[in-house]
Amino acid sequence: RRIPPLDAPFSVFDAFFFSLQGKKILVTGASSGIGRGISIASARMGGDLFVTARSEERLVHTVDQMGTGKAIYCNLLSNEDLDSLVDVLPELDGIVLCAGMNKKEPVNFIADESLNVILDTNFTSNVKLIKRLLRKKKISKGASVVIISSISVDSPAVGNSIYAASKGAVSSYSKVLALELSKKGIRVNTIEPGMVHTEWLDKSTMTAELFTKDETRYPLGRYGLPEDIANAAIYLLSDASSWMTGSKIRIDGGISLL
């Protein structure tokens, strides 16, 4: 779409640049947390959503909250599931890769199983999925790919080495992907969230008191919410960001200022 000149009077139609109306969008890791938040927000902005995750029950709950969309069960660590997913998808205008996991282990206690599953879930599965989508010509010209990374790429924390490494790989991969796909008009950008209130916090070994103390360190006084990240994803999926690729958006409540 043609962007109006800066001296043009504002019109309600300008808001359509942020609309996802009619865009076919795939969201992975959509059964909880940030992935669920992005799915719900994107559907409300008019997107035609295809959501996937390993938990069928929670995925159905996401679709119920969206009010529309199609749930597709997929274990991204399975090549067979990836093939089946790509086969049933239409040509996509947007892709949001949210699937991820973490398990904190000090470097001298990292288990091989943890190493493999974290890297495979957070990084390798994304590479395999994008490769299949490209080979099957399931990404339209002018599409937008959004990959969820993390501030851990530049903000080390004890016990977080493998998670941080997996997100560092995601960030580096996305830049090369953006360069290689630029001639097709396909944009690739990443979002780096700080701590966000999701189910991950409930599974943490940290106490509620420690979380409250940590949250007060954030200059804006709180952890993020899934909708904070969803708003950025909508911008990157929309035509409003049509001249943006190979970039990252850090959303961390100002914690990186410290």
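Start your tour by selecting β2, α2 and β3: together they make a right-handed β-α-β unit. Keep in mind as you look around that this is a predicted model.

**Stop 1: the two strands of the unit**

Select strand β2, residues 48–53, along with β3. These two pair in the parallel sense, and 4 bridges connect them. For a closer look, show the side chains of V51 and A71: V51 stands opposite A71 in β3. While you have side chains on display, here is a handy rule: in a regular strand they alternate between the two faces of the sheet.

**Stop 2: the whole sheet**

Now widen the selection to the strands of the sheet. How many strands form this open sheet, and in what order? There are 7, and they follow the order β3-β2-β1-β4-β5-β6-β7, with parallel pairing. Colour β3 (70–73) and β7 (248–251) to mark the edge strands, each of which pairs on one side only. If you turn the view to look along the sheet, look for its twist, which averages 20 degrees from one strand to the next.

Next, pick out strand β4 (residues 92–97) and strand β5 (residues 139–148). The two run parallel and are joined by 5 bridges. One pair to click on here is L97 and I147, since L97 stands opposite I147 in β5.

**Stop 3: α1 beside α2**

Go back to helix α2 (residues 56–66) and add helix α1 (residues 33–44). Their axes come within 9 Å and cross at roughly 30 degrees. Are they roughly parallel or oblique to each other? Angles under 35 degrees count as roughly parallel, and α1 and α2 are therefore roughly parallel to each other. The crossing of α1 past α2 is right-handed.

To see where they touch, show R36, S39, I40 and A43 in α1, which meet R58, H61, T62, Q65 and M66 in α2. Sorted by class, this contact has 3 nonpolar, 4 polar and 2 charged residues.

**Stop 4: α4 beside α5**

Select helix α4 (residues 112–135) and helix α5 (residues 161–181). Here the axes come within 8 Å, crossing at roughly 15 degrees. α4 and α5 are therefore roughly parallel to each other, and α4 passes α5 in a right-handed crossing.

Which residues of the two helices meet? From α4, show L115, I118, L119, N122, F123, N126, V127, I130 and L134; their partners in α5 are I162, Y163, S166, K167, A169, V170, Y173, L177 and L181. Colouring this contact by class gives you 14 nonpolar, 3 polar and 1 charged residue.

**Stop 5: α3 against α4**

Keep α4 selected and add helix α3, residues 79–88. These helices pack at an angle of about 40 degrees, with their axes 10 Å apart. That angle makes α3 oblique to α4. Once again you can look for a right-handed crossing as α3 passes α4.

Finish by showing the side chains at this contact: N79, L82, D83, L85 and V86 of α3, together with K128, L129, R132 and L133 of α4. They divide into 5 nonpolar, 1 polar and 3 charged residues.

How values were computed. Residues are numbered from 1 along each chain as its sequence is written. This is a predicted model: local features need pLDDT of at least 70, side-chain atom pairs count only at pLDDT 80 or more; totals for chains, interfaces and linings use all residues. Side-chain values use heavy atoms; hydrogens and water are left out. Two strands pair if DSSP finds at least two bridges between them. Axes are lines fitted to C-alpha atoms, for helices over the stretch in contact, and angles run from 0 to 180 degrees between N-to-C directions. Angles under 35 degrees count as roughly parallel, over 145 as roughly antiparallel, 65 to 115 as roughly perpendicular and the rest as oblique. A crossing is left-handed if the near helix is turned anticlockwise from the far one by less than a right angle, and right-handed if clockwise. Contact means heavy atoms within 4.5 Å. Ala, Val, Leu, Ile, Met, Phe, Trp, Tyr, Cys and Pro count as nonpolar, Asp, Glu, Lys and Arg as charged, and the others, Gly among them, as polar. A crossover is right-handed if, with the strands pointing away from the viewer, the path from the first strand over the helix to the second runs clockwise.
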